[in-house]
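Colleague: I would like to go through the labels on this model. Take me from each value to its name.

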Amino acid sequence: MKTCTKCGETKELTEFSKRKDTKDGLAYTCKACFNAYNKAHYQANKEHILERHRVYHKANRESRKEYHRKWYRANKGRIAELQREYKKAHPLKRREFEGRRRAREHGVPIGHADYELVVATSNGLCGICGDPIFGKFDIDHIVPLTKGGAHSTDNLQVAHHHCNVSKGNRKEAA
């Protein structure tokens with residue numbers, strides 16, 4: 001147990017950060033007090049701190065770029081693994097990203113496209129044929145991107161894969 005010099009409370013040792021230059025190897029103030037001080041200091045000096053960061057990044061632009069390039073090359077496998085895990089854990093987010101990419105390619109308006117809302121409001125029914133959807137599904141643009149349809153929530157619907165494929169780039173299903 002140790003007493004914080006800021007709040008005066010006696011706390012567990014795990015509540016104190018490590019600090020090599022002290023006798024016991026722990027900071028004088030607890031983590032909560034230290035974080036509160038840092039937050040207050042940042043708020044009081046926010047503009048000055050941000051200006052220092054801007055100046056530093058502008059002066060060291062090339063060395064920062066080179067550092068990030070080296071780090072990326074050294075960690076390519078790790079980055080790829082993290083991306084695979086994210087894609088698996090967040091399939092709708094990945095679909096949203098792909099939809100925005102396709103919309104940019106077709107030069108159509110990109111609005112807010114909330115895939116989770118589209119799925120939740122579909123009531124489990126295909127937007128093309130009206131039958132219930134079990135398992136996998138597609139997110140379909142009601143007015144296709146190739147026909148100038150926007151990439152936004154109001155132009156999206158849940159559909160069976162075979163219904164979406166048979167619809168193709170038509171506004172109405174065949």
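Colleague: What makes K2 count as lying over the face of F16?

Modeller: This is a predicted model. K2 is 5.5 Å from the ring centre of F16. The cut-off is within 6 Å, and within 35 degrees of the ring normal. K2 therefore counts as lying over the face of F16. R95 lies over the face of F137 as well, at 4.7 Å from the ring centre.

Colleague: Why is the contact of R19 and D21 called a salt bridge?

Modeller: Their side chains meet at 2.7 Å, N to O. The definition asks for within 4 Å, so the name applies. A search of the whole structure finds 11 salt bridges.

Colleague: Why is R19 called partly exposed, and why is D21 called exposed?

Modeller: Exposed means over 50%, and partly exposed lies between 20% and 50%. R19 has 36% relative accessibility, so R19 is partly exposed. D21 has 57%, so D21 is exposed.

Colleague: How do you know that R69 and E66 are separated by about one helical turn?

Modeller: They are 3 residues apart in helix α3 (residues 61-74), which is why. Their side chains also meet in a salt bridge, at 3.1 Å, N to O.

Colleague: What makes R54 and E47 a salt bridge?

Modeller: Their closest N and O atoms are 3.1 Å apart. The limit is within 4 Å, so the pair qualifies.

Colleague: Which residues are linked in a network of salt bridges?

Modeller: R94, E98, R101 and E105 are linked that way.

Methods. Residues are numbered from 1 along each chain as its sequence is written. This is a predicted model: local features need pLDDT of at least 70, side-chain atom pairs count only at pLDDT 80 or more; totals for chains, interfaces and linings use all residues. Side-chain values use heavy atoms; hydrogens and water are left out. Buried means under 20% relative accessible area, exposed over 50%, partly exposed in between (1.4 Å probe, protein chains only). Helices (H or I, at least four residues) and strands (E, at least two) are DSSP runs, numbered from the N terminus.
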